[in-house]
Amino acid sequence: MRLILHDLPTVRTVETISAMQRLARQWQMQRVPVSFVPTMGCLHSGHLSLIQCARRIIGPRGKVVVSVYVNPTQFGPAEDYANYPHNLFQDRKLCSRAGVDVLFVPSDAEMYPAAFSTWVVEESLTRGMEGASRPTHFRGVATVVAKLFNIVLPTAAVFGAKDFQQAALIQKMTRELNFPIKIVVSPIVRERDGLAFSSRNRYLTKAQRSRATVLWRAIQQARASLGARPIPAARLKEELRALVEAESGVRLDYIEFFDPQTLAPAARVSRGTHIALAVFIGRTRLIDNAAL
Ligand code: AMP
């Protein structure tokens, strides 16, 4: 294969916490604003839209920092941490093309030194949905994001609406722990057939990939079922459960209808109610959500 010079990744990559903090403090002293996009890597169009959003909100004079870190503490013991895809070479290339200033790639040893025991725990928004299915997930997310905020010292940080409950958690944590950071939530980017981009989509076989559109079809069916009057959430859940479970090899984890501000479950569903769902396709767990 011929290597084309302009395709070589050129983005500045920082691997230690002290080097990242030093740089962040320098920028702070120079009053250079910083926009931050935390990711677990294996970047796709969803991540790239967050990076574009980060650039837009910070302007040409600001710095855009992307972190790539597969955070072990947000995975449960039976989850896919060991198999989670990595592709740092491609990530560097994409970040370089997208005009990212710094790619921060910390090590586990630095992020979680031996005997690490300090956690950030949110106790209300994170109880249901993903929190109920993945009991230690949000503790891991809140802790790693708080750590990354203290390392990157951003002015703004961008999260995807794809992880709706996570975005709500980060907004609440930022407010309640007084991080001086503006949180921006960027819309879900989908493939042509409605499937939301996800690093986990690459686990799917061809047949599973075509069944995975059931997430988007369930959302569309919920929209279509809404009339002028609110309808009982339990009834709509059953209707959507039947749709999901009609697909062979697909198992519903949960469907929830809720208020997008408080995440409180809705007993009746009307326009403006939010839907979130999680399904297993074989062993791959995918999530999606939308406003109805
Ligand atoms: P991840 O690498 O999966 O941890 O995701 C990093 C960030 O990208 C999170 O804020 C996600 O919500 C966001 N993200 C992932 N997929 C999408 C997507 N399809 N559209 C928009 N944002 C996304």
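**Why these labels? A chat about a predicted model**

Me: How do you know that the structure holds zero disulfides?
Reply: A disulfide is a pair of cysteine sulfur atoms within 2.5 Å, and the structure holds zero of them. Take Cys53: the closest cysteine sulfur, in Cys95, is 15 Å from its own, so that is too far for a bond. Cys95 is in no disulfide either, with the nearest cysteine sulfur, that of Cys42, 12 Å away.

Me: What should I keep in mind about the source of all this?
Reply: This is a predicted model, where local features need pLDDT of at least 70, side-chain atom pairs count only at pLDDT 80 or more, and totals for chains, interfaces and linings use all residues. Residues are numbered from 1 along each chain as its sequence is written, and side-chain values use heavy atoms, with hydrogens and water left out.

Me: Why is Cys53 called buried?
Reply: Buried means under 20% relative accessible area, exposed over 50%, and partly exposed in between (1.4 Å probe, protein chains only). Cys53 has 5%, so buried fits. Cys95 gets the label too, at 0%.

Me: What makes Ser96 partly exposed?
Reply: Its relative accessibility is 24%, so it counts as partly exposed. Ser96 lies in helix H3, residues 88–97; helices (H or I, at least four residues) and strands (E, at least two) are DSSP runs, numbered from the N terminus. The C-alpha atoms of Ser96 and Thr10 are separated by 5.7 Å, though the two are 86 residues apart along the chain.

Me: Why does Gln208 count as buried?
Reply: Because its relative accessible area is 17%. Gln208 sits in helix H8, residues 206–211. Setting aside neighbours within four places in sequence, Gln208 is in contact (heavy atoms within 4.5 Å) with Tyr203, Ile281 and Gly282.

Me: How do you know that the span of helix H9 agrees with what is expected?
Reply: The expected span is 1.5 Å times one less than the number of residues. For the twelve residues of H9 (214–225) that should be 16 Å, and the end C-alpha atoms are 16 Å apart, so the two agree. Its buried residues are Val214, Leu215, Trp216, Ala218, Ile219 and Ala222. Those pack against H8, helix H10 (233–245) and strands E8 (250–258), E10 (274–281) and E11 (284–291).

Me: What makes E8 and E11 the edges of their sheet?
Reply: Two strands pair if DSSP finds at least two bridges between them. The open sheet has three strands in the order E8-E10-E11, with antiparallel pairing. E8 and E11 each have a single partner strand, so one side of each is left without a neighbour in the sheet. Neighbouring strands here are turned by 15° against each other on average, direction ignored; axes are lines fitted to C-alpha atoms, for helices over the stretch in contact, and angles run from 0 to 180 degrees between N-to-C directions.

Me: How do you know that E8 and E10 are joined?
Reply: Eight bridges join E8 to E10, set against the required at least two. In one of them, Tyr254 has Ala278 in E10 as its bridge partner. H10 packs on the sheet, touching E8 and E10, and its direction makes about 155° with that of E8.

Me: What makes H7 mostly covered?
Reply: Ten of its 13 residues are buried, including Phe164, Leu169, Ile170 and Met173. H7 (residues 164–176) reaches 18 Å from first C-alpha to last, close to the 18 Å expected. After H7 comes Asn178, whose phi is positive, near 60°.
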